[in-house]
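Please open the structure in your viewer and keep the selection tool at hand. The stops below say what to select next and what is there.

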Amino acid sequence: MLRNEKITNFAQFSGWHIRLNHRNTFMSIGIKIKKGLDINIEGGVASPGKPVERPTATAAVCPDDFHGFVPKVEVREGDTIKAGAPLLRDKNYPQIKLVSPLSGTVKAVVRGERRKIERVVIEAAGEDRVVLDHSKVLTDAAAAKDFLLESGLWGMTRQRPYDIVTIPDARLRDIFVTGFDSAPLAVNPSKFEPEEVKAMEAGVKLLSLLTTGKVYVSRRSGEALPDLKGAEMVDVEGPHPSGNAGTMIAAVKPVNKGETVMCLDLPTLRRIGAAALTGVVPMDTVVALTGSEVKEPKLVKTVIGAEVSSIINGDIEADNRHHRVISGNVLTGVKTAMDGYLRWPYRQVTVIPEGDDVDEFMGWASLSPKKLSTSRSFPGHFLFKKAFNPDARLNGGRRAMIMSGEYDRVMPMDILPEYLIKAILAKDIDRMEQLGIYEVAPEDFALAEFADTSKLELQKIVREGLDYLRKELS
């Protein structure tokens, strides 16, 4: 297994190929993913085009979306607040803030059991925005870091290990930016305007001040993202999870014990750059409204944390079926209600049949060619290029873990996923470390969970394992 060895020309791994490309003054790394799976389901956006603008009356920030963040409320119900003003602060690291996506009034601070903060809801009113001092953020490392913390942009980043909000005093070995989304029905930009490229290059320049290493930006081979000055571009080919940060990190420069890397997505990079140039954090976002139960899948322009109902806006099919609304994609997204909110970091809302109102002959064991499956036991396995219309049913019961090698077929990372899951369940820290737990996040196991005949909640198991490891080693 390669660990932090310099790749000089061409290297072949069990799940990918890597090559270095030199183009003019830019250098890019080419990765070809050999393992993985593109799940072809109905409800994709046929021609993205210009997004439809749909304003939202309220927006919410949910602390649970920012794992590792221990929230302390900074506002009260009824307070008037500007867009970009702090709503929540981390109890352990008070310099980390979560800010308001809207200008308006604090409508509600919603608490759950044991007074846990579930969300802070802002009612839109006005266009006032916080303007920050950005005079030194592109030249001074301390100013750049303070700017990200003050603006709330730091909370939009993640670190490996543990897949939590980046700890402010961590020494960042490298920074990885995922430039595209390979999840089912995800939509990536078909072009980038000059001002967007300028903002992203400013973001790269700012981030380069925070690390002793490099800023890596991935992109799908042949797509629109140009070379960004100051970044090392990573050209990726292959099926999902080619767009995941974990796939890029494992192929380019894996994370060892004692090392920390920062991860973020391309829209966050754009926000960082735009804020560095103007002092104002853009809170707009473009959401893909997708799924087989959507009348006409489309792109919707709204704000971070917008109401789901404002995004859907009557676009669900009136077919008398029960629907599951997902903030995100079908693999890693969060189930939400029609009166729920867009969860961070998702830029997609997916609507599929729930499946609890279906009366099917033989149930999960039906051999119907309409059933989506990775198993050769089902006819649908041989029709995988066809677009399927799956529902949210589990299709089988949970059972003992079967060591079948099926996780390996869809995971390009150079780890032993089945043995790692067993080590996590056994709470064997030494074994977890040996098997590469510092490299992984729950999303890296989403495809394995989809293909798992044992119906284990692998993402939940990995999250609990990461939290346990962090608690024991802190």
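**A tour from sheet to loops**

Begin by selecting Ala59, which stands opposite Ile122 in strand 11; the model you are looking at is a predicted one. Extend the selection to strand 5 and to strand 11, which covers residues 117-124, and you will have two strands that pair in the antiparallel sense over 4 bridges. These two strands belong to an open sheet of 4 strands in the order 5-11-10-7, in which the pairing is antiparallel. At its edges are strand 5 (58-61) and strand 7 (80-81), each of which pairs on one side only.

Stay on strand 5 and show its side chains: Thr58 and Ala60 point one way, Ala59 and Val61 point the other way, and all of them are buried.

Next, turn to the aromatic rings, of which 3 pairs are present in the structure. For one of these, select Phe66 and Trp344, whose ring centres are 6.2 Å apart and whose planes meet at 10 degrees, so the pair is stacked. Since Phe66 lies in the loop between strand 5 and strand 6 (71-73), while Trp344 lies in the loop between strand 21 (334-336) and strand 22, this pair ties together parts that are 278 residues apart in sequence. Phe66 has a relative accessible area of 7% and is buried, and Trp344, with a relative accessible area of 10%, is buried as well.

Another pair to select is Phe176 with Tyr216, where the ring centres are 5.0 Å apart and the planes are at 10 degrees, so this pair is stacked. Phe176 sits in strand 14 (residues 172-178) and Tyr216 in strand 15 (residues 215-220), so that the pair links distant parts of the chain, 40 residues apart. Both Phe176 and Tyr216 are buried.

A ring of another kind of contact comes next: select Lys427 together with Tyr468, and you will find the charged end of Lys427 over the ring of Tyr468, 5.5 Å from the ring centre.

Now follow the backbone. Returning to Trp344, select the peptide bond that leads from it to Pro345, which is cis with omega near 5 degrees; Pro345 lies in the loop between strand 21 and strand 22. A cis peptide bond also joins His240 and Pro241, with omega about 20 degrees, and Pro241 has its place in the loop between strand 16 (232-237) and helix 3 (245-252).

Two backbone angles deserve a selection of their own. Asp163, although not a glycine, has a positive phi of about 55 degrees, and this residue is found in the loop between strand 12 (158-160) and strand 13 (164-165). Is Asp163 buried or exposed? Its relative accessible area is 16%, under the 20% that marks the limit for buried residues, so Asp163 counts as buried.

Asn320, also not a glycine, has a positive phi of about 60 degrees and lies in the loop between helix 5 (308-312) and strand 20 (323-327). With a relative accessibility of 78%, Asn320 counts as exposed.

Finish on the surface by selecting Met403, Leu416 and Tyr419, which make a nonpolar patch of about 280 Å². Of these, Met403 is found in the loop between strand 22 (348-353) and helix 6 (406-410), and at a relative accessible area of 35% Met403 is partly exposed.

Technical notes: Residues are numbered from 1 along each chain as its sequence is written. This is a predicted model: local features need pLDDT of at least 70, side-chain atom pairs count only at pLDDT 80 or more; totals for chains, interfaces and linings use all residues. Side-chain values use heavy atoms; hydrogens and water are left out. Two strands pair if DSSP finds at least two bridges between them. Patches are made of residues with over 30% relative accessible area and no salt bridge: like charges are joined within 9 Å, nonpolar side chains (Val, Leu, Ile, Met, Phe, Trp, Tyr) within 5 Å. Accessible areas come from the Shrake-Rupley method with a 1.4 Å probe; for residues, only the protein chains shown count as cover. A salt bridge is a side-chain nitrogen of Lys or Arg within 4 Å of a carboxyl oxygen of Asp or Glu. Buried means under 20% relative accessible area, exposed over 50%, partly exposed in between (1.4 Å probe, protein chains only). Rings of Phe, Tyr and Trp (its six-membered ring) pair if their centres lie within 6.5 Å; planes under 30 degrees apart count as stacked, over 60 as edge-to-face and the rest as tilted. A charge sits over a ring if NZ of Lys or CZ of Arg is within 6 Å of the ring centre and within 35 degrees of the ring normal.
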